Amino acid sequence: PRDHTHLLIVHLSTMTPAQLRRARAALETFRIETPSWGFADTGTRFGKFFQDAAAIDMNDKLADAGHVHALTGCCPTVAVHVLWDFKLGEDPKAVARLARKHGVKIGAINPNLFQDQCYKWGSFGNNDPVVRAAALQHCVDSVAIGKAVGSDCLSLWFADGTNYPGQGSIRARKQCFEESLRALHAKLGPKQTMLVEYKPFEPAFYATDIADWGMALLLAKKAGPRAKVLVDTGHHYNAQNIEQIVAWLLDEDMLGGFHFNDRRYADDDLTLGSIDPYQVFRIFHEIHFFAADRGRRPKIAYMIDQCHNEKPKIEATIQTVVMAQELYAKAALVDHDALRRAQASNNVVDAELILKHAFFTDVAPALAAWRKANQLPADPLAEHRRSGYVRAAAADRKRRRKELGLTQGGSFA
């Protein structure tokens, strides 16, 4: 058997021909969705720091998304938020046409179940049936938008929960969710999937109604066969093993998608890999390992969910996309046969080093070859900076804000 101990200290600077082929094959299949809201002025609960080049409207958002896709070649779809991206009474097909004009398509449809005043006590978990009915109707309308624009993904995140012990019946709220999710599932088109997201806390700080992957899994299974779980990498406590959650959901055929970001403490929405790239690598490894064992790649919606208050919007998005490509390619290099042998013999050291070997392999040659084959810039971020896109966008959008009388207030209050 091969001795893997040398991998502890050796950083590979070159790839073998077999590794190059495996990494390029992985890159050919990898697609990741950008979020429309990631290009607009967003911030923290304490305030915003505005950028002249930030998108003003949907045309700007789609133009920025199209620019990112043109540079990276792996972001053909854009996630949208219904209340932020579709004007009341607007034909959704017009938005789809606008997306195509910019070289992208509309991706996941995100209903907004946390913004309106009626949701003070929750949406699907609200004890008022009138509010629950309004929330359900908004989601049904979102399904219709998805059908109109050709989206096969409805992405659901709920801010519902309670802040004090005794405030609400935990079981009653659960039952309300079960009822509403079943009703919503019945409205899905035959090709549409409903993704149920979870989050341990914020804005609810005592009991979030869908606080972890187990709750999301149970609710999705009760909703119907086209409901899956969405994993947001920032929606976990620091001690949680996200790749283990991913492995379990894969094994249950219940992993529907990801919202990728990075964090140091909680839902920080930092650029992917800025804090812990090895964690993202381990997540991708579980997906590749599953595919190798089952002989098929699972259908997973890879999406970005980040808000950039300091970094330039487009640069941060490109950073995340390129990092995702790199880590996905690295994870494809894990020697699964060697790993199975190490696991079967309880060889803990070699098993760990096999993963480290792949993680520390320089996949730059594979990325360069893939980009060249697809007629893409060798360095997407550098090409973006050379293009003058942000300079032109900033001048145009600054002028339009003035003409439209738009004011920007950075205060939280």
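Here's a short back-and-forth on aromatic rings, a surface patch and one helix in this predicted model.

Me: How many aromatic pairs does a search of the whole structure find?
Reply: This is a predicted model, and the search covers the whole structure. The count of aromatic pairs comes to 23.

Me: Is the pair of Phe 201 and Phe 205 stacked, edge-to-face or tilted?
Reply: The ring centres are 6.1 Å apart and the planes sit at 40°. Stacked needs planes under 30 degrees apart and edge-to-face needs over 60. The angle fits neither, so the pair of Phe 201 and Phe 205 is tilted.

Me: And is Phe 205 buried or exposed?
Reply: Its relative accessibility is 56%, and the cut-off for exposed is over 50%. Phe 201, at 27%, counts as partly exposed. Phe 205, though, counts as exposed.

Me: What kind of aromatic pair do Phe 258 and Tyr 302 form?
Reply: Centre to centre, these two rings are 6.0 Å apart, with 10° between the planes. Planes under 30 degrees apart count as stacked. That makes the pair of Phe 258 and Tyr 302 stacked.

Me: How many residues apart in sequence are the parts that the pair of Phe 258 and Tyr 302 ties together?
Reply: Phe 258 belongs to strand 9 (residues 255-260), while Tyr 302 belongs to strand 10 (residues 301-304). Both Phe 258 and Tyr 302 are buried. Because the two rings lie in those two strands, the pair ties together parts whose separation in sequence is 44 residues.

Me: Which residues do ring pairs link into a cluster with Phe 258 and Tyr 302?
Reply: Phe 258 and Tyr 302 make a stacked pair, and ring pairs link them into a cluster. The other members are Phe 30, Phe 260, Phe 284 and Tyr 328.

Me: The charged end of Lys 330 sits over the ring of which residue?
Reply: There's a charge over a ring elsewhere too: the charged end of Arg 264 sits over Tyr 265, 5.0 Å from the ring centre. For Lys 330, the distance to the ring centre is 5.7 Å, and the ring belongs to Phe 359.

Me: What is the area of the nonpolar surface patch made by Leu 83, Trp 84 and Phe 114?
Reply: Phe 114 sits in the loop between strand 3 (105-110) and helix 5 (129-149). At 31% relative accessibility, Phe 114 counts as partly exposed. Together with Leu 83 and Trp 84, Phe 114 makes a patch of about 260 Å².

Me: Within what arc do the buried residues of helix 4 fall?
Reply: In helix 4 (residues 92-101), the residues Pro 92, Val 95, Ala 96 and Ala 99 are buried. Seen down the helix axis, these buried residues line one face, because they fall within an arc of 100°.

Methods: Residues are numbered from 1 along each chain as its sequence is written. This is a predicted model: local features need pLDDT of at least 70, side-chain atom pairs count only at pLDDT 80 or more; totals for chains, interfaces and linings use all residues. Side-chain values use heavy atoms; hydrogens and water are left out. Rings of Phe, Tyr and Trp (its six-membered ring) pair if their centres lie within 6.5 Å; planes under 30 degrees apart count as stacked, over 60 as edge-to-face and the rest as tilted. Buried means under 20% relative accessible area, exposed over 50%, partly exposed in between (1.4 Å probe, protein chains only). Helices (H or I, at least four residues) and strands (E, at least two) are DSSP runs, numbered from the N terminus. A charge sits over a ring if NZ of Lys or CZ of Arg is within 6 Å of the ring centre and within 35 degrees of the ring normal. Patches are made of residues with over 30% relative accessible area and no salt bridge: like charges are joined within 9 Å, nonpolar side chains (Val, Leu, Ile, Met, Phe, Trp, Tyr) within 5 Å. Accessible areas come from the Shrake-Rupley method with a 1.4 Å probe; for residues, only the protein chains shown count as cover. A salt bridge is a side-chain nitrogen of Lys or Arg within 4 Å of a carboxyl oxygen of Asp or Glu. The arc is that of the directions from the helix axis to the C-beta atoms.
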